[in-house]
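Morning, everyone. Let me put the structure up, and then I'll walk through it piece by piece.

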Amino acid sequence: MEEDIKEMANYCLNCANKPCSQKGCPLSNDIPAFIKCVKENNIKEAYKILLNTTVLGNICGRICPHKKQCEGSCIRGIKGEPVNIGKLEAYVFDTALKNGYDKNIKIENDLKGKKVAVVGGGPAGLTCSAFLAVKGAKVTIYEKYNKLRGNFNTWNT
Ligand code: SF4
């Protein structure tokens, strides 16, 4: 693990009341728990924890408005710099992608045999589709653009 990642993770206080998760994260990612795993160099477990609430960590870790969300609620930010939560989240998902951790995801049977149509291939549609697929549903995404990504053109305006 890179030294800067280790340093960032060790800077987290693993607060029991989790303001970063409970007040700051729209998805309620369990931030102290995943960062604890990063501290222990258990990236597979950190990924598993994050997968309970998100499937787009590579993206959210980079483009979420962290200063207004998780990092804006970080206790460390009261007297200094907040924990770099976004970078840690992206690191966990990048490591998972590089090492093929997704191959271990177990497809459940809860929705086996069900067909679901999801309208819109932006972040919400993709996340919804991924959670449904893990439950065993056969998902079809309908998207008006020729790419799945949502209308990210607005990010540059
Ligand atoms: S508030 Fe900050 S220091 Fe506390 S657990 Fe969350 S990221 Fe770590």
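One definition before we start: helices here are DSSP runs of H or I, at least four residues long, numbered from the N terminus. Keep in mind that this is a predicted model.

With that, go to the loop between helix 1, residues 3-10, and helix 2, residues 19-22; Asn14 sits there. Asn14 is not a glycine, yet its phi is positive, about 50°. Its relative accessibility is 25%, so Asn14 counts as partly exposed. Lys18 is in the loop between helix 1 and helix 2 as well. Again not a glycine, and again a positive phi, about 45° for Lys18. Lys18 is partly exposed, with a relative accessible area of 25%.

Next, helix 3, residues 31-39. Which residues of helix 3 are buried? Ile31, Pro32, Phe34, Ile35, Cys37 and Val38. What do they pack against? The buried residues of helix 3 meet helix 1, helix 2, helix 4 and helix 7. Look at the start of helix 3. There, a side-chain oxygen of Asp30 comes to within 3.4 Å of the backbone nitrogen of Ala33. Just after the helix, Asn41 has a positive phi of about 60°.

Now helix 7, residues 85-99, and Glu89 in it. Glu89 is buried, and it has no salt bridge. The nearest side chain of opposite charge is Arg62, 9.2 Å away. A salt bridge needs nitrogen and oxygen within 4 Å, so that distance does not qualify. What does Glu89 touch? Leaving out residues up to four places away in sequence, the contacts are Asn29, Phe34, Leu50, Thr54, Gly57, Cys60 and Gly61. Phe34 we have just met, among the buried residues of helix 3.

On to the salt bridges. How many does the structure hold? Eight. Take Lys48 and Glu45, whose side chains meet at 4.0 Å, N to O. Both are in helix 4, three residues apart, so about one helical turn separates them. Lys48 is exposed, at 54% relative accessible area. Glu45 is partly exposed, at 30%.

Another salt bridge joins Glu108 and Lys135, with the closest N and O atoms 3.0 Å apart. That pair links distant parts of the chain, 27 residues apart: Glu108 in the loop between helix 7 and strand 1, Lys135 in the loop between helix 8 and strand 2. Glu108 is partly exposed, at 28% relative accessible area. Lys135 counts as partly exposed too, at 34%. Lys135 also forms a salt bridge with Asp110, 3.8 Å from N to O. These two loops are the ones just named, so the pair ties together parts 25 residues apart in sequence. Asp110 is exposed, at 52%. Through shared partners, Glu108, Asp110 and Lys135 form one network.

Last, the domains. The assignment gives domain 1 as 3-104 and domain 2 as 115-156. Their C-alpha centres lie 24 Å apart. Seven residues of domain 1 contact six residues of domain 2. About 490 Å² is buried between them, 84% of it from carbon and sulfur atoms. On the domain 1 side, Val55, Leu56 and Ile63 lose the most area, together 75% of what that side buries. Across this interface, the rule finds zero salt bridges. It also finds zero residue pairs in polar contact, with both at pLDDT 80 or more.

Conventions:
Residues are numbered from 1 along each chain as its sequence is written. This is a predicted model: local features need pLDDT of at least 70, side-chain atom pairs count only at pLDDT 80 or more; totals for chains, interfaces and linings use all residues. Side-chain values use heavy atoms; hydrogens and water are left out. Buried means under 20% relative accessible area, exposed over 50%, partly exposed in between (1.4 Å probe, protein chains only). Lys and Arg count as positive and Asp and Glu as negative; His and the chain ends are not counted. Contact means heavy atoms within 4.5 Å. Domain bounds come from an automatic or database domain assignment. Buried area is the accessible area (1.4 Å probe) that two parts lose on being put together, summed over both. A polar contact is a pair of N or O atoms within 3.5 Å; within protein, one must be able to donate a hydrogen and the other to accept it, and residues adjacent in sequence count only if both atoms are side-chain atoms.
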